[in-house]
Each structure stands twice: as structure tokens, then as C-alpha cells.
Amino acid sequence: MKASNDTANKTRPIISKGFRRMFWQTVLPCTRKWTEATTATRPRKKGKMFIKLNTVLLMRTIMGFLFKDSLSFVWGNLTVEVDLITDSLYRSAVPSGASTGIYEALELGDGDKSVYGGKVNEILCMTFSLARNQADVDAVMLEIDGTPNKSKLGANAILGVSLSVCRAGAGAKGMPLYKHIQELSGTKELVMPVPAFNVINGGSHAGINLAMQEFMILPVGASLFAEALLMGSEVYHKLKGIIKAKYGQDACNVGDEGGFAPNVQDNNEGLVLLMDAIEKAGYTGKIKIGMDVAASEFFTKDGKYDLNFKKQPNDGVHVRSAQSLGELYKEFVKDFPIVSIEYPFDQDDWSSWASLQSSVDIQLVGDDLLVTNPKRIAEGIQKKACNALLLKVNQIGTVTDSIQAALDSKSAGWGVMVSHRSGETEDNFIADLSVGLASGQIKTGAPCRSERLAKYNQTSGRRDSDLGLRPCARG
């Protein structure tokens, strides 16, 4: 066995060549010019120089670290954590998805499969860079990256800086992060989001045979976020009791996002479990159901959908055409109180999306279809493919682009659901993002596991008197 020093050397954070180039060519000249212009007036604190003028910050240091996400125990995943130091420390950690779309911005690793499966990113490190505002910082990073999917610097490294800069902007203004995001986005009226709790996990999130990835409950009848959190938690615990009685104690194990993973054989059975739990908790009519199908996971090469894709080879009995799958969704909507279906077809099956959208009166959420990308959102609007955006900050890579994606969606009359990823950390940025954008919906797993509860607890803490809870968009 090789000495442990070899592994230590492999996993030691590396200064990204891209960010080193950005520092020397772009950041340093800008900073030097700024400091020369303010030499006579710059304040000092305990011998350490910092500059703060309105929302203009001089960043003394940006440091990146390797950081394990919630899937590290399964896949050995590493993600990126970024510390931005001005007069205070602003820290952000970047999530990572298990079920990822082909059009997402690239999560860059070093490709060395012998160390954390090649997920180690070249960590950025910059010193004395100038942050005039969020849009400027994000634009500089995108300009230096110069690729359509952020494959040069990596969307994970870019996003870590972008999140920390946003936090620093809020700190400079002396206001909560959600209020700062409200100003950045021009949102007029703030509302609290309805949580979408993923309480049964299937698809890529669990080892059971269930093809569809998430079965969610949405407490649209709650008047306050704290009440919604209570309702979701009570149904979750009732569901555990039902699953234990029907499938045994082992079936109470949870998937990647905290939902249970019983040995459910078909999707209808999963929906019946939710209905039973909602009824036993006493919330019939107050809690609706949502689904995340993640259909690309079982999309076949010949353009069909295999609902038994986890068993290969199989007899093909559960293979459906797009039209047949669409009819199945209509049956679900007829038989169950479903108000939202996410990702019902493959990310390139635009015609099937549009066909379903025109024939049901529920929320159809674009995840990998849109990848939080303003260009694909514009295409989705033009093709009338869906009526809601699933907003994932690491799909697009910057706070600025994430805000623009939400604004474009809202201008089209769409709903917006701010979302976590399956590989999460205890970073709670998306809670403030959802409130600041008045998205009306947030999805961050079951009321279980600390990396999921961190977001719900942060959202619950946004208790200003002007914040109420609105019903689920199109619910």
C-alpha cells in the first residue's frame, strides 16, 4: 500500500490556472487602480486594510476548499466550499446532482478516478479582488471562462464565488440575504414559499424498483410557513408508520433526499401510500401531491420510456411510448390530487411536453428541459412546453443568471420552484433565494437529514410581518 502522503498530495487544494489568470489580467489591475484612488480615505481595522463604500467591497481573500456533500458516503463525492473575506467572512458551499441533465453547466473535476472518483476540482484562490456588484463579478468570471457550459473554470468553482459575493453584498448593506436578493431582482412583494417535501424516493435516488424519482407532498392549505413545515412533518411520520406496518422496518430506510424507499413495485402504489398518510394525519384537501418523474433516466434509445429500467434485461412489458406515458399521467391527475408534475418526458422530447401541457390543468415543471438556462427557458416559452421553472443555481452557475432565469419565467406567467440537489451541504442560500425572489415554492427534500432541514429551518426563520404564505402556483 502506498504511503498516505501520496493521497494527501492528490487531494490537496490546487490553485486554478483559470483563476490565477483572472487575478493577474483582470482583478489585480482593477484593484490597484481602486486602491490608488482611495489611499487617503481607506479605513483600517486592527492593522488589516479593508474598503467598504456603499455596496463596493474590496475582497481581501478568496479561498477554496474541498468539501464533502451528502452523497459522499455513497459515491465519495467532493464539492467546493468558498470563503470570501472582506471585513467579515462569507462562506458558501456548492451542491452536486445525482440525476443531471446533459445541458447543465459543467461541474468540473480533475478526472483522476483514483481520488474521489475524479470529482476533485482545481480550487480557486484569489487575493485582493474588487467586487463592485453581483453582476460585475459574475460577468468577469464568465468572460474569463469563455465557454457556453463553464467547462474551463467549472460551474462549481464559479458558483461558489458567486454565492459568497452575494452574501458579502448583503453584509455590506447591513441587511438580510433575502432582502439583498429582493433588491437585486427588483422583486416588489415578498411571499413565503410552499415547501414540496420529497417523502418517497425512487429513480436514481434509491435502490428500489420504483422508476419515478420523487413523490412529494405540498401543504397548500397552510397559512404560514411554520404551519406548512408542521403539516409536512406530521404526514412524513404517519407515512413511516404505514410503511413499517406494510413493508417492515427495513423499508423505513431513507434515500438520498430523506424520503423513504419502501419496496414499492409501481408508481400507483407510491401515490396510494401518500394518500393514506395524508388522510391519517388529518390533512385531506389541505395537502396536495407532486411528482418528479426524471423521465430521461428511463428514456430508451428508440424514443420510448421503460418503467422497469432498473431490471436489465427485462421482458419489455413496462415500456411505454410517449403518448402512452402521457395518458398515464392523465390517469394520475384524475385519480389523485396531483397539482405538479416535474420532468415528465426526456429533456429533448419537446413535442411530448407541449402535448401534455395543452391537455392538463396542472403545473408542469421543467428541470433538465430548461436547466435554469435563460436560452432554454426562452425556447420552452416559445414552444409552450411547460409552465414552471425548477431553479437550481448549480445548473447555470451564477446568482445573476439564476435571478434572470426566475424573472424570465415569471414574465411568461410561469411558476418558479427553487430547488436543492441530491448531493447537498448545509449551505442554506436557496432558502433566502426563494424568499427574495418570491418564488412561491421551494423543494429541498424530506423533513429529515440535516442538509435538508438547514434550508427549511432558514426559510422558517424569515418571519417578517410582510411575509405570508401563498398557495402553490397553479395548485
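Helices (H or I, at least four residues) and strands (E, at least two) are DSSP runs, numbered from the N terminus. The structure shown in these views is a predicted model.

**View 1. Lysine 150 in the loop between α4 and α5.** The loop that holds lysine 150 runs between α4 (134–145) and α5. Phi of lysine 150 is near 60 degrees, a positive value in a residue other than glycine. Most residues other than glycine have a negative phi. With a relative accessible area of 5%, lysine 150 falls under the 20% limit and is therefore buried.

**View 2. Leucine 163 in helix α5.** Leucine 163 has 2% relative accessibility and counts as buried. Beyond its neighbours within four places in sequence, the contacts of leucine 163 are Ser92, Ala93, Val399 and Phe429. Leucine 84 is separated from leucine 163 by 79 residues in sequence, while the C-alpha to C-alpha distance between the two is 9.6 Å.

**View 3. Helix α6 and its packing partners.** Helix α6 covers residues 177–185, and its buried residues are Leu177, Tyr178, His180, Ile181, Gln182 and Ser185. These buried residues pack against three helices: α5 (155–173), α13 (399–411) and α14 (429–436). Glycine 186, just after α6, takes a positive phi of about 70 degrees.

**View 4. The crossing of α14 and α15.** The axes of α14 and helix α15 (residues 450–460) come within 8 Å, with a crossing angle of roughly 40 degrees. The two helices are therefore oblique to each other, and the crossing is right-handed. On the α14 side the contact involves Ile430, Ala431, Asp432 and Val435, and on the α15 side Lys455, Gln458 and Thr459. By class, these residues comprise three nonpolar, two polar and two charged.

**View 5. Helix α11 against α13, with the loop that follows α11.** The axes of α11 (residues 374–383) and α13 come within 9 Å and cross at roughly 10 degrees. This angle is under 35 degrees, so α11 is roughly parallel to α13. Pro374, Ile377 and Ile381 of α11 meet Asp401, Gln404, Ala405, Asp408 and Ser409 of α13. The contact contains four nonpolar, two polar and two charged residues. Lysine 384 is placed in the loop between α11 and β16 (388–391). Although lysine 384 is not a glycine, its phi is positive, at about 55 degrees. Lysine 384 counts as exposed, at 62% relative accessibility.

**View 6. The open sheet of nine strands.** The strand order is β8-β18-β17-β16-β15-β14-β11-β10-β9, and the pairing is mixed. β8 (194–195) and β9 are the edge strands, each pairing on one side only. β9 (residues 197–201) has five of its five residues buried, so this strand is largely enclosed by the rest of the structure. The pairing of β9 with β10 (residues 214–218) is antiparallel, over four bridges, and asparagine 198 stands opposite methionine 216 in β10. Strand β14 (residues 338–342) pairs with β15 (residues 363–366) in the parallel sense over three bridges. Leucine 364 in β15 is the bridge partner of isoleucine 341.

**View 7. A cis peptide bond between glutamine 312 and proline 313.** Omega of this bond is about -5 degrees. Most peptide bonds are trans. Proline 313 lies in the loop that runs between β12 (305–306) and β13 (319–320).

How values were computed
Residues are numbered from 1 along each chain as its sequence is written. This is a predicted model: local features need pLDDT of at least 70, side-chain atom pairs count only at pLDDT 80 or more; totals for chains, interfaces and linings use all residues. Side-chain values use heavy atoms; hydrogens and water are left out. Buried means under 20% relative accessible area, exposed over 50%, partly exposed in between (1.4 Å probe, protein chains only). Contact means heavy atoms within 4.5 Å. Axes are lines fitted to C-alpha atoms, for helices over the stretch in contact, and angles run from 0 to 180 degrees between N-to-C directions. Angles under 35 degrees count as roughly parallel, over 145 as roughly antiparallel, 65 to 115 as roughly perpendicular and the rest as oblique. A crossing is left-handed if the near helix is turned anticlockwise from the far one by less than a right angle, and right-handed if clockwise. Ala, Val, Leu, Ile, Met, Phe, Trp, Tyr, Cys and Pro count as nonpolar, Asp, Glu, Lys and Arg as charged, and the others, Gly among them, as polar. Two strands pair if DSSP finds at least two bridges between them.
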